[in-house]
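Good morning, colleagues. Please take a moment with the sequence and the model on the screen, and then we shall turn to internal space and to one helix.

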Amino acid sequence: MSKDMMSAFELYQPDTVEGAVELLGRFGEDGWALAGGNDSFDWFKDRVKRPKYVVDLGGIASLKGIRETPDGGVEIGALTTLTEIERSEVIKSRYKVLADAARRVASPQIRNSGTIGGNVNQDARCWYYRYGVNCYRAGGNTCYADTPEGQNREHCLWGADRCVAVSPSDTAPALVALDATMVVLGPGGQREVKAEEFFIGPNIDIERMTVLEDGDVLTAIKIPAEWSGARFYFEKVADRNTWDFPLVNVAAAMKVSGAAGSETVDAIRIVAGAVQCVPRRLTVVEEVVRGQAK
């Protein structure tokens, strides 16, 4: 099913977000928004996805960069590269869990071109779906992974609903742990969606991983000051240390009070990735830990 050549498409390179939204809204299902391109070109080269129109967002300056906000938080443009996030002194000093997560994505070469927006919006990695099998996610009526003989080692432990694919993003659990907000511009205007609600499961829409619809563009990610300087933890388990997608990853943000040796956990958010179609908040664990001695 793999091919050596992409199908032809028309390429558009707007220089404003509004222009991109107008184009993507006009093209509908035939359009494709291109960020860093690492995930997109895999789809194109394998000829599984064949958009007629590709809208390259790379020339839109307003989608790039890390900015401190008046309320003490941080806003990250959706086209900011993972390398920039990994190396940012602001992110490392105040929201280290995100820098740690960005550093574990793929390889240095991919992080140099891959964007935070592309990482959270990448599609499922299920082998059957990626190689053009007519499964539930592709519009069919079968899940080939959810069988005793299926290739499903990397698939979900919770939340399966016909499809058992997982969210493959390393940065998504960190953003949910930080209670981030996703800023989306679409044909109906701008809206803000909590990161925890940005990702959706097959019970809501089996053919989408996020709330983005035709014409929508993720423009920025806002991280609140509330979790600035908290204590953070990130770990990723994968078959290889580079390049590989997670078998599981865990991000945690914790605020404590009290003197050293007798600290109490005041607030905590723990999120696991690659175990469900969405980043999974471990709310029961949070409730157990909250108020306990560290």
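How much space lies in the second largest cavity? The volume of the second largest cavity is about 30 Å³. I should say at once that this is a predicted model.

The lining of that second largest cavity consists of N119, V120, Q122, S167, P168, S169, F199 and M209. By class, these lining residues are 4 nonpolar and 4 polar, with no charged residues.

Let me place this in context. There are 2 cavities of 30 Å³ or more under the rule applied here. The largest cavity holds about 80 Å³ of space. Its lining comprises 15 residues, and those nearest the centre of the largest cavity are C126, C135, R137, C143 and C163. In the lining of the largest cavity, 11 residues are nonpolar, 2 are polar and 2 are charged.

I now move to the helix. Which residues of helix α2 are buried? Within α2, which spans residues 38-45, the buried residues are D39, S40, W43 and F44. These four lie on the same side of α2, because the arc they cover around the axis is only 135°.

What covers this buried side? The elements that cover the buried residues of α2 include strand β2 (31-34), strand β3 (53-56) and helix α8 (127-130).

One backbone detail completes the account of this helix. After α2 comes R47, which has a positive phi, near 60°.

Thank you; I welcome your questions.

Methods:
Residues are numbered from 1 along each chain as its sequence is written. This is a predicted model: local features need pLDDT of at least 70, side-chain atom pairs count only at pLDDT 80 or more; totals for chains, interfaces and linings use all residues. Side-chain values use heavy atoms; hydrogens and water are left out. On a 1 Å grid over the protein atoms alone, a cavity is a set of points where a 1.4 Å probe fits but cannot get out, and a pocket is an open set with protein on both sides within 12 Å along at least five of seven lines; lining residues have an atom within 4 Å of a point. Grid points are joined across faces, edges and corners, and a volume is the space filled by probe spheres set on the points. Ala, Val, Leu, Ile, Met, Phe, Trp, Tyr, Cys and Pro count as nonpolar, Asp, Glu, Lys and Arg as charged, and the others, Gly among them, as polar. Buried means under 20% relative accessible area, exposed over 50%, partly exposed in between (1.4 Å probe, protein chains only). Helices (H or I, at least four residues) and strands (E, at least two) are DSSP runs, numbered from the N terminus. The arc is that of the directions from the helix axis to the C-beta atoms. Contact means heavy atoms within 4.5 Å.
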